[in-house]
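Visitor: I have a model open and would like to learn how to read it feature by feature. Could you take me through it?

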Amino acid sequence: MNASGSVDPPTSSRPKANQLIEIQVPQAPSVSFRPLLFSTSQGYFVNILRVKRSGILSRHQHTGPVHATTLKGRWHYLEHDWWAEEGGYSFEPPGETHTLEVPEGCDEMATLFHVTGAYVYVDPYGKAEKVEDVFSKIKMAREHYEKVGLGADFVNQFIR
Ligand code: FE
């Protein structure tokens, strides 16, 4: 009991990582990711990508394999005729370049991605514009958690 006579909430009622909106790291307008694991020891990361808009998101090449499980909504790559659907699993081989699109009418897409190596974002001619890997993801998350008051060290729980 505290001085005002009320009882302090037990530790278990404090917000858990899962319940924090701020855990989502913004990476572009209407695009954010929820870190699950940043493996600096093996060069991969696992996150839930959330997209709240439709249209083309990016054209990119992968330097390593990608495993994806779609949790919500649907998406596809313009270069393929398959669709990633809710509950479905997709594999993206290293070296492939493709263009991610969330279709019209899909308000929210959420996909768990296990990404080894890097994303190389390319322009329509295949020229590299930006690279993203476990280290740039950590940097982005660290800066976001510092900004929203969780503290830069909040990211450490995801790093192995
Ligand atoms: Fe991809």
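Guide: Gladly. Let us begin with burial: a residue is buried if 20 or more other C-beta atoms lie within 10 Å of its own, exposed if 12 or fewer, and partly exposed in between. Keep in mind that this is a predicted model.

Visitor: How does S30 come out on that scale: buried, partly exposed or exposed?

Guide: S30 has 15 C-beta neighbours inside 10 Å, so it counts as partly exposed. S30 lies in the loop between β1 (25-28) and β2 (31-39).

Visitor: What is notable about the phi of S30?

Guide: First the general idea: most residues other than glycine have a negative phi. Now the case here: S30 is not a glycine, yet its phi is positive, about 65°. The setting is the hairpin of β1 and β2, with two residues between the strands.

Visitor: Where else should I look for a positive phi?

Guide: Try the hairpin of β11 and β12, which has five residues between its strands; there G126 has a positive phi near 90°. Another case is G149, just after α1, with a positive phi of about 95°.

Visitor: Let me step back. What is the overall pattern along the sequence?

Guide: The chain has one helix and twelve strands. Along the sequence, the strands are followed by the helix: β-β-β-β-β-β-β-β-β-β-β-β-α. Of the 160 residues, 18% are buried. Among contacts between residues at least 6 apart in sequence, 59% join residues at least 24 apart.

Visitor: How are the strands arranged in the sheet that contains β1?

Guide: That sheet is open and has six strands, in the order β1-β2-β3-β10-β5-β8, with antiparallel pairing. At its edges are β1 and β8 (89-92), each of which pairs on one side only. From one strand to the next, the twist averages 30°.

Visitor: Which residues can I use to check the register at those edges?

Guide: At one edge, β1 and β2 are antiparallel partners over three bridges, and V25 stands opposite F33 in β2. At the other, β5 (residues 66-72) and β8 share four bridges, again antiparallel, with A68 opposite S90 in β8.

Visitor: F33 has come up. Is F33 buried or exposed?

Guide: As a general point, side chains in a regular strand alternate between the two faces of the sheet. As for burial, F33 has 22 other C-beta atoms within 10 Å, so it is buried. Leaving aside residues up to four places away in sequence, F33 touches V25, Q27, N47, I48, L49 and R50. For a distance to check, the C-alpha atoms of F33 and V46 are 9.8 Å apart, with their positions 13 residues apart in sequence numbering.

Visitor: What is the strand order of the sheet that contains β12?

Guide: It is an open sheet of six strands, ordered β7-β6-β9-β4-β11-β12 and paired antiparallel. Its edges are β7 (83-85) and β12 (128-132); each has a single partner strand, so one side of each lacks a neighbour in the sheet. Neighbouring strands in this sheet are turned by 30° against each other on average, direction ignored.

Visitor: And which pairs mark the register there?

Guide: For β6 (residues 74-77) and β7, three antiparallel bridges make the pairing, and W75 faces A84 in β7. For β11 (residues 119-122) and β12, four bridges join the antiparallel strands, and Y119 has E132 in β12 as its bridge partner.

Visitor: How many residues of β12 are buried?

Guide: The count is zero among its five residues, and β12 is hardly covered.

Visitor: That leaves the helix. How do I read its faces?

Guide: Start from the general rule: an α-helix has 3.6 residues a turn, so residues three or four places apart point the same way. In α1, the buried residues are V134, K137, A141, H144 and Y145. Viewed down the axis, they fall within an arc of 95°, so they line one face of the helix. On the face turned away from the buried side are the exposed residues K139 and K147.

Visitor: What covers the buried residues of α1?

Guide: The cover includes β1, β2, β3 (44-51) and β12.

Visitor: What span should I expect for α1?

Guide: At 1.5 Å a residue, the 14 residues of α1 (residues 134-147) should span 20 Å, and the end C-alpha atoms are 20 Å apart, which agrees.

Conventions:
Residues are numbered from 1 along each chain as its sequence is written. This is a predicted model: local features need pLDDT of at least 70, side-chain atom pairs count only at pLDDT 80 or more; totals for chains, interfaces and linings use all residues. Two residues are in contact if their C-beta atoms, placed from the backbone, lie within 7 Å. Two strands pair if DSSP finds at least two bridges between them. Axes are lines fitted to C-alpha atoms, for helices over the stretch in contact, and angles run from 0 to 180 degrees between N-to-C directions. The expected span of a helix is 1.5 Å times one less than its number of residues. The arc is that of the directions from the helix axis to the C-beta atoms.
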